[in-house]
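Me: I have a protein model open and would like to practise reading it. Could we go through it together, one question at a time?

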Amino acid sequence: MRRPLDLRHVISPGLRDLIKLANTHDFDRVTEQVRDLHGCTSPVNLHGFTVTTDQTTKKVVRSYRSEDEPSGRLLTTCGNRRSSRCPACSRVYAADTYHLIKAGLSGGKSVAETVRDHPRAFVTLTAPSFGPVHNRKTDHTGKPRPCGCGTQHPEGDPALGTPLDPATYDYTGAVLWNAHAGQLWARFTTYMRRALAEHLDMTQKALNAALRVSFAKVAEYQKRGLVHFHAVIRFDGPDGHTTPPPPWATFDALSAAVGSAVERARLTIESDAIGERVIGWGRRYKVDPITALGDSELTDARVAEYTDAKVAGYVAKYATKNAEGAGTVDRTLMCRPCSGRGYVRGPDGFHDRCAVCDGTGQAEPIKALPIQQHVRQMIRTAWDLGHLPEFAHLKLWKWAHMLGFRGHFSTKSRAYSTTLGALRDIRRAWRLAQAEATRARAGLPITDENTTLVTASSWTYLSSGYRPGEELLAAQVRHDIANTQRLKHEGLMPA
């Protein structure tokens, strides 16, 4: 009879738990389940079952119960798009975004390949200035010039993007601009269509009958803490990507419409506390044609010619980013028990001070955050503005860690290309086909194409994360994936 292992001398809880798992008869299944997550850092733990039945014969074709797992639970990927939270799942999201953008430029994924002949532009829209900041200036030859402070900042200098004079910097305007950036983009798309009709000397109704404008955009944080947008804008025929646009719908017309829309798109905000503010785009914007096909990488310094693959890669890269690029934190500062209000409703119906945050509404003190002063001041400004009645609908206290921005990081028009859901359905169908092939090789019955299947399932969320021993296995998986990618990059193994 095997004696139980005495693991009291093992200091690491993870190692102690791993040894326990290794001495079970189901350790191979534990390892397989962790490896199937492909390095996910915070998997979702589920409990439940799935049963697939042939509707005609009432026979069970496939069944699964989490109770049959060694740990009694099913681990699934978290699916988080943010690379700061889960690099593994964000890589999948970036790959899906790449194919979504690329399909709208080169065709494929249910998009006609003739779309590559349509006028297309890569557009960058920026925020206005709210005060001079430290930056790296260059002259027309590319030679570095001194900053406004009189020095030349090296690349990666923490001072870059921070105000030259914090006392005069318009923090209120900066936060409100971030908070309204999504609405400003929506207004920009409206004015772009109007400007295009005006440029072509035709009515809006006639333009809509002959031309469709499709786009996909992504938001990126600048070092000064303000978002700016990169967008792919394309002209289609009235029926979308399957029809070519009219001959008069050219890149020059698109460029002129963008410039006019940048000037006209405005939002006016009125408040007793801050007066009247006008929200608009910055004077610096860029419109570049997308003309060639290629696979080389687009750099931040930009090149003269944008290719389909370069633009798709550029957009996909920023689709997994968050505000952490501006030096802020990647978690909400809202106290969840009181929802940021600082009080909870007691049994008597009166407001009682929240004991968790001591009435501040903050999950952690803003002054204690490990961030630079410029970002801290933007967070504090967003928090204070969010509690003004006229700005309550913006929920700035909830999005203070995002410096006021609460929009989606990546969006597209309905007719631009395929959807992320469709791409995931294709991947799911491929995996089911692989499973059927595995069953066939094992001599198990496979599902007839004409068979009608009915699936019943019930799942309950348990928690997120690994148990200590599984975390060590996941760390090894992440190491293997990173090493494989490094070898491919260095050309030491086939891609």
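Me: Leaving aside neighbours within four places in sequence, which residues is valine 34 in contact with?
Reply: Happy to help! This is a predicted model, where local features need pLDDT of at least 70, side-chain atom pairs count only at pLDDT 80 or more, and totals for chains, interfaces and linings use all residues. Residues are numbered from 1 along each chain as its sequence is written, and side-chain values use heavy atoms, with hydrogens and water left out. Contact means heavy atoms within 4.5 Å, and on that basis the partners of valine 34, leaving aside neighbours within four places in sequence, are Tyr466, Glu470, Leu473, Ala474 and Val477.

Me: Is valine 34 buried or exposed?
Reply: Valine 34 sits in helix H2, residues 27-35; helices (H or I, at least four residues) and strands (E, at least two) are DSSP runs, numbered from the N terminus. Buried means under 20% relative accessible area, exposed over 50%, and partly exposed in between, with a 1.4 Å probe and protein chains only. Valine 34 has a relative accessible area of 1%, so it is buried.

Me: Which residues does glutamate 470 touch, not counting those up to four places away in sequence?
Reply: Glutamate 470 belongs to helix H10. With a relative accessible area of 3%, glutamate 470 is buried. Not counting residues up to four places away in sequence, glutamate 470 touches Asp17, Leu21, Val30, Val34, Ser71, Arg73 and Leu75.

Me: How is H1 oriented relative to H10?
Reply: Helix H1 (residues 13-22) and H10 pack with their axes 6 Å apart, at an angle of about 90 degrees. Axes are lines fitted to C-alpha atoms, for helices over the stretch in contact, and angles run from 0 to 180 degrees between N-to-C directions. Angles under 35 degrees count as roughly parallel, over 145 as roughly antiparallel, 65 to 115 as roughly perpendicular and the rest as oblique. Therefore H1 is roughly perpendicular to H10.

Me: Is histidine 479 buried, exposed or partly exposed?
Reply: Histidine 479 lies in helix H10, residues 468-489. Its relative accessible area is 48%, so histidine 479 is partly exposed.

Me: How many of the 14 residues of H8 are buried?
Reply: H8 is mostly covered. Its buried residues, including His374, Met378 and Trp383, pack against helix H4 (171-199). The number of buried residues in H8 is 10.
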